[in-house]
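Please open the structure below in a viewer and keep the selection tool at hand. The tour proceeds from one selection to the next and states what is found at each stop.

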Amino acid sequence: MKRTIVSGAAVLTAAIGLAAAALVPAGAAPGGHEARDRHRDVTFDVVSDVQGDTADLGRALDQMKGLPGKSSALVVNGDITNRGYPHEYQEVRKTLNAHPHPKKTYFTIGNHEFYVPKYCNASKLCQDTWPNGTKESELFQNFYDFTGLDKVYYERVVDGVPMLMLGTEKYMKYHDATKWDEVWMSEEQLAWLDARLRYWERKGKPVMVFSHHVLPDTVSGTRNKMYGGDYLQADRLLGVLGKYKDAVLFTSHTHWSLGLSDWAVRKVVPGTGNLEGFTVVNTGAVQTSFTDDGKGGETSMSGKENTGLRVQVGKKEVVLKARDYLRNQWIKELRIPLHRGR
């Protein structure tokens, strides 16, 4: 059965119970160079899971422009396309060009960016003959050509707020016939993440971390068996993130509704020495939504559903606002006090 939409205060209480710890303080430029801190509240928007629904993406962009305050950046947190074809990336680019959006727009890689090999051609599904002549390197290159990147993980600093983007470095089906969408991270990426989080902690900065895929036993849907094994190195990644009280991890992939009580939680990782944990947030999805079916599974909602986040990072707190772009209204808000002033 569906869970009831609750207020921000109730969400806070639900998150406390889930994480078994109080939800108290929550918690660059290319190459890791530090940008000038302007000492003001910084606003940015997050969407994910476009998956070919460029009409809803355009609708979300138009609404963002009309919201109070100026957004300094937009993060599209994976599943930019439906299958990863170059022409699908081009459609997203056309949509961005046709609608207002921040100049600073960043992307993470999702599982749908790797689905070209399931097709004989753009109109014919041929999973039995996977990979249908498509090389793994071509899929990454399509992402790089669209984003201008040369790695799936990177750092940017937006008006003094550090953002770390994570991503899989292998599409596992090419390396293990028993796998499909599981995320593989190199030792280099994990060490880089730890080093950058440690660096910004010393600077007294909260860090916004973005991952298309979800970590187990965190936000809505992640206790469902469908989403328990997204990361092959989940324990390692949790061990890194779990050390940093002012890290905020944004995850997508499930399409689960932002109306659920566990849309944002505090995750405590045993053995990290951080008994207050770090914050994990569900970003919603542009292309449809899902919710709990009450039987350990999920059920789809209307394909018209279209949700995302607006985030405001201040000196003392991070404010998360869940947005319903179908109905042009806010869903809920959560304020996360910071341990360290920005």
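A residue counts as buried when its relative accessible area is under 20%, as exposed when that value is over 50%, and as partly exposed in between. The model is a predicted one.

**First stop: a loop residue**

Select R223, which lies in the loop between β8 and α6. Is R223 buried, exposed or partly exposed? Its relative accessibility is 40%, so R223 counts as partly exposed. Next, add G297 to the selection. The two residues are 74 residues apart along the chain, and their C-alpha atoms are separated by 9.4 Å.

**Second stop: the sheet from β6 to β10**

Display the strands in the order β6-β7-β8-β9-β11-β10; these six form an open sheet with mixed pairing. Which strands stand at the edges of this sheet? They are β6, residues 154-158, and β10, residues 264-267; each has a single partner strand, so one side of each is left without a neighbour in the sheet. On average, neighbouring strands here are turned by 25° against each other when direction is ignored.

Begin at the β6 edge. All five of the five residues of β6 are buried, and the strand is thus described as mostly covered. In a regular strand, side chains alternate between the two faces of the sheet. Colour Y154, R156 and V158, which point one way from β6, and then E155 and V157, which point the other way. The residues of both groups are buried.

Extend the selection to β7. The pairing of β6 with β7 is antiparallel and runs over five bridges. One bridge to locate is that of R156, whose partner in β7 is M163. The two strands form a hairpin with two residues between them, and D159 in the turn has a positive phi of about 50°.

Now move to the opposite edge. Strand β11, residues 278-282, pairs with β10 in the antiparallel sense over four bridges. Within this pair, V281 of β11 stands opposite A264. Turn next to helix α5, residues 187-202, which packs on the sheet and touches β6, β7 (161-165), β8 (207-211) and β9 (247-251). The direction of α5 makes about 170° with that of β7.

**Third stop: helices α5 and α6**

Two packed helices are described by the angle between their axes and the distance between the axes. Keep α5 selected and add α6, residues 234-241; the two helices pack at an angle of about 15°, with axes 9 Å apart. Angles under 35 degrees count as roughly parallel, and α5 and α6 are therefore roughly parallel to each other. Their crossing is right-handed. To see the contact, show the side chains of E187, L190, L193, D194 and L197 on α5, together with R236, L237, V240 and L241 on α6. By class, this contact comprises six nonpolar and three charged residues, with no polar residue.

**Fourth stop: helices α3 and α4**

Select α3, residues 86-98, and α4, residues 136-147. These helices pack at an angle of about 20°, and their axes are 10 Å apart. How are α3 and α4 oriented with respect to each other? They are roughly parallel, as therefore follows from that angle. The crossing in which α3 passes α4 is right-handed. On the α3 side the contact is made by P86, Y89, V92, R93 and L96, and on the α4 side by N142, F143 and F146. Six of these residues are nonpolar, one is polar and one is charged.

**Fifth stop: the sheet from β3 to β16**

Display the second set of strands in the order β3-β2-β1-β14-β15-β16; they form an open sheet of six strands with mixed pairing. At its edges are β3 (105-108) and β16 (329-337), each of which pairs on one side only. Neighbouring strands of this sheet are turned by 20° against each other on average, with direction ignored. At the β3 edge, β2, residues 73-77, pairs with β3 in the parallel sense over four bridges. Here L74 stands opposite T105 in β3.

**Last stop: D324**

Select D324 in strand β15, residues 317-324. At 5% relative accessibility, D324 counts as buried. Leaving aside residues up to four places away in sequence, D324 touches Q63, N306, T307, Q329 and I331.

Notes: Residues are numbered from 1 along each chain as its sequence is written. This is a predicted model: local features need pLDDT of at least 70, side-chain atom pairs count only at pLDDT 80 or more; totals for chains, interfaces and linings use all residues. Side-chain values use heavy atoms; hydrogens and water are left out. Two strands pair if DSSP finds at least two bridges between them. Axes are lines fitted to C-alpha atoms, for helices over the stretch in contact, and angles run from 0 to 180 degrees between N-to-C directions. Contact means heavy atoms within 4.5 Å. Angles under 35 degrees count as roughly parallel, over 145 as roughly antiparallel, 65 to 115 as roughly perpendicular and the rest as oblique. A crossing is left-handed if the near helix is turned anticlockwise from the far one by less than a right angle, and right-handed if clockwise. Ala, Val, Leu, Ile, Met, Phe, Trp, Tyr, Cys and Pro count as nonpolar, Asp, Glu, Lys and Arg as charged, and the others, Gly among them, as polar. Buried means under 20% relative accessible area, exposed over 50%, partly exposed in between (1.4 Å probe, protein chains only).
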